[in-house]
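Trainee: I have just opened this one and don't know where to begin. Could you walk me through chain B?
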Amino acid sequence: MLAELGLVLIAGLKFGSIYALAALGLVVVHKATKTVNFAHGAFAMLGAFATFLIVVHWQWRYWTAYLVIPLLIGAVAALLEFVVLRPLRRADLFTVVVATIFLGIALAEAFRLTYNTELLAVPGLFAGQPFFVGGIFITREALWVITGTLATALACIVVFRHGKIGRGMRAMASNVTGAQLCGYSIDRVYMLAWFLGGALAGLAGVFIAPIAGVSVELSIAIITAGFVAGVIGGFDSLTGAILGGLLLGVAESLAAAYVSSAMKNCISFLLLFIVLMWRPQGLFPERTGRRV
Amino acid sequence: MLAAYFPRRLKPMAPALFALGLVSLAGSPAGAQERGITASEILIGAIGALTGPVAFIGTPGRDGMTMGFNEINERGGVCGRKLRLQFEHASTPAESVAAVKKLVEQDKVFVLVLASGSTGAAAAADYVRAAGVPTYNLYGSTPIIREPFSKNVFHGAIVPVEVSARGLISMFYDDGYAPKKIGILAGTYAFPQATLKAVEEVLKEKKTERAVEQFDQAARDFTSQLVALSRQNVDSILVLGSFSEAGFAIKQAREMGLAVGRWVLDGSAVSRAIIPILGNADGIRGYFNVPYFPGQTPSVREFEARLKSYLGSMPQGRPNNYDMIAYGAAYVIALAAQAAGCELTRDKLLNAWSNLKDAGPAKLGGLDVSFPESYTPSDHQGNYRLGAAIVKGGEWQVYRIIERP
């Protein structure tokens, strides 16, 4: 019974940690630019596709995917911010959100048209016997995904809280005019936020490619899970994004195992509605204080 | 006398206009009044998804039929008329209805082909029955397009779910295997649910124990469902879903060390594309809607070569059974038109199609890559057979033909 519960929890944590990484990228962009980037799922899909190219098509070493893809997808995101979003900076929020939705659709369809296939399979980084801990087994892949994504997420929080880049983004999020008066360039900070968000999406794509394959539908799956995780955790909280992602993954897994297997997708939207109604700021919002 | 009916200004031209009318009537072939037919062409309309998650059905539908029609046209067509395909993209029910209406009312096609799977076929069902246009349902297994019976709707290679359900269960008992309890992993969407219902009926009849777990479309994590099946001590699993869903379910079951004596997959999961997901897929079984798997016989290999030449390069996962079914369907349409005679009308076509026997590409010099189809005036299901397939040495192959139960 305990072993069964352990299996279910580990599966939930595996997917939950990827949701957390996806949510983190969304929150980073939102914190700095006040824009919800609905193209985020498409960036993750491109990351997964790039993993297929590197690992399967070109047969390079797997670690190159972890190094190259975040930088590459980050650069693509920054470029799109420059080309598509910057001209819309003075537009209302609705216009910008619609632009990101259609940017995501355009990227997904461009992938579909150039690589017309239902699913591309990517092998896992690790093979071999799973580890057994107290009667519960955990595969090497699951362990890598959970620890790798969470370590990345924590590093991202440290950079955002204590690094110069993060300071600029936080300043911009707090007060755009004030930040500009303090010498922060709005163009530079926005582009950096998009780069960081894109890099996190790309990395989520690398992690998810072997466990979900590469398909256009991945784009929708990532943005949906990332958005729900972000709302559950608190859309302005980096820690909330991580905890929201993990909570979502575990809740989905538990509901499917112990309530009904058909409840898996349903539970995420149920959680979303409950949180929006009961605690719209999210379960783990950023604490805001002002020194006076 | 006729000149009396012409306006005064046209009266001098009346004899000439009258003669022109007679000449044009005499010069037009019989049947020119029929929609979608000219002296040189028969217009076939088709719908199917060319983009989106079910493009793996619609795109092969378009390509297979076009290739078949091209071959028939190169041999002179039907009574000197070339067959021309007009394919409209449609993936949602609303798009399917709109596309069908456009083809029938605006483009005035002679025959309509539903190459859209069950969703599109179900959406278009009422309209095509009411319109009376000869309709060929290539891929829809849904009962909505089959019932009530309509004299203008024909169904090709894809068998009704009651037939495929019996075929699926029969594969659990091949080679002396006898499952004690069958676990069923079924998608929550329309097609797997229809098959699930039929499969449960068959298992009830056979008094075989079963356990059912479900998953959402495009699911990638099956841990919870597999844990639940393991708890219920199943020794064999049937997956009703796509190849990607089946692939990840089997992969995770192996990672969990779940002891599954036999995996059987629904026809929609029987694809070469499942093999890269699993690495070693040997021993997995499922039914195929055509008698041979790509690469299995010289005629199928020749088909692959021709398709590759037509497409320029072969997309991943192609050719699939939808390519082969569509190619065969092009020949069935041509054979029905040929049997109707050169004075082609809609009624003559329906009558001829309802009496076709063993219609397949070989009868017109094509490659036999699909089951031959036979119809009667009261049964418009052209095929009832399935190919029982297994993965051996990393390749799918049909190991026996499942005859009509």
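Mentor: In this predicted model, the secondary structure of chain B comes to 13 helices and 12 strands, and its C-alpha atoms fill a box of roughly 95 × 40 × 35 Å along the principal axes.

Trainee: How much of chain B counts as buried?
Mentor: Of its 405 residues, 53% count as buried. Among the contacts in chain B between residues at least 6 apart in sequence, 66% join residues at least 24 apart.

Trainee: And helix H7 of chain B, what span should its 17 residues have?
Mentor: Helix H7(B) runs over residues 190–206 and should span 24 Å, because each residue is expected to add 1.5 Å; the end C-alpha atoms lie 25 Å apart, which agrees.

Trainee: Which residues in H7(B) are buried?
Mentor: They are B:Phe191, B:Pro192, B:Ala194, B:Thr195, B:Leu196, B:Ala198 and B:Val199. What covers them includes H4 (117–131), H6 (161–172), E6 (181–187), E7 and E8 (236–240) of chain B.

Trainee: What comes just after H7(B)?
Mentor: Just after that helix, B:Lys207 takes a positive phi of about 55°.

Trainee: Switching topic, how many residues does each chain give to the contact?
Mentor: The contact takes 26 residues from chain A and 26 residues from chain B. On the chain B side, the elements giving two or more residues are strand E7 (209–215) and helices H8 (223–231), H9 (243–255) and H10 (274–278).

Trainee: Which of them gives the largest share?
Mentor: That is H8(B), with six residues. The residues on the side of chain B that touches chain A divide into 11 nonpolar, nine polar and six charged.

Conventions:
Residues are numbered from 1 along each chain as its sequence is written. Chains are lettered from A and ligands numbered from 1 in the order in which they are written. This is a predicted model: local features need pLDDT of at least 70, side-chain atom pairs count only at pLDDT 80 or more; totals for chains, interfaces and linings use all residues. Two residues are in contact if their C-beta atoms, placed from the backbone, lie within 7 Å. Helices (H or I, at least four residues) and strands (E, at least two) are DSSP runs, numbered from the N terminus. Ala, Val, Leu, Ile, Met, Phe, Trp, Tyr, Cys and Pro count as nonpolar, Asp, Glu, Lys and Arg as charged, and the others, Gly among them, as polar. The expected span of a helix is 1.5 Å times one less than its number of residues. A residue is buried if 20 or more other C-beta atoms lie within 10 Å of its own, exposed if 12 or fewer, and partly exposed in between; C-beta atoms are placed from the backbone.
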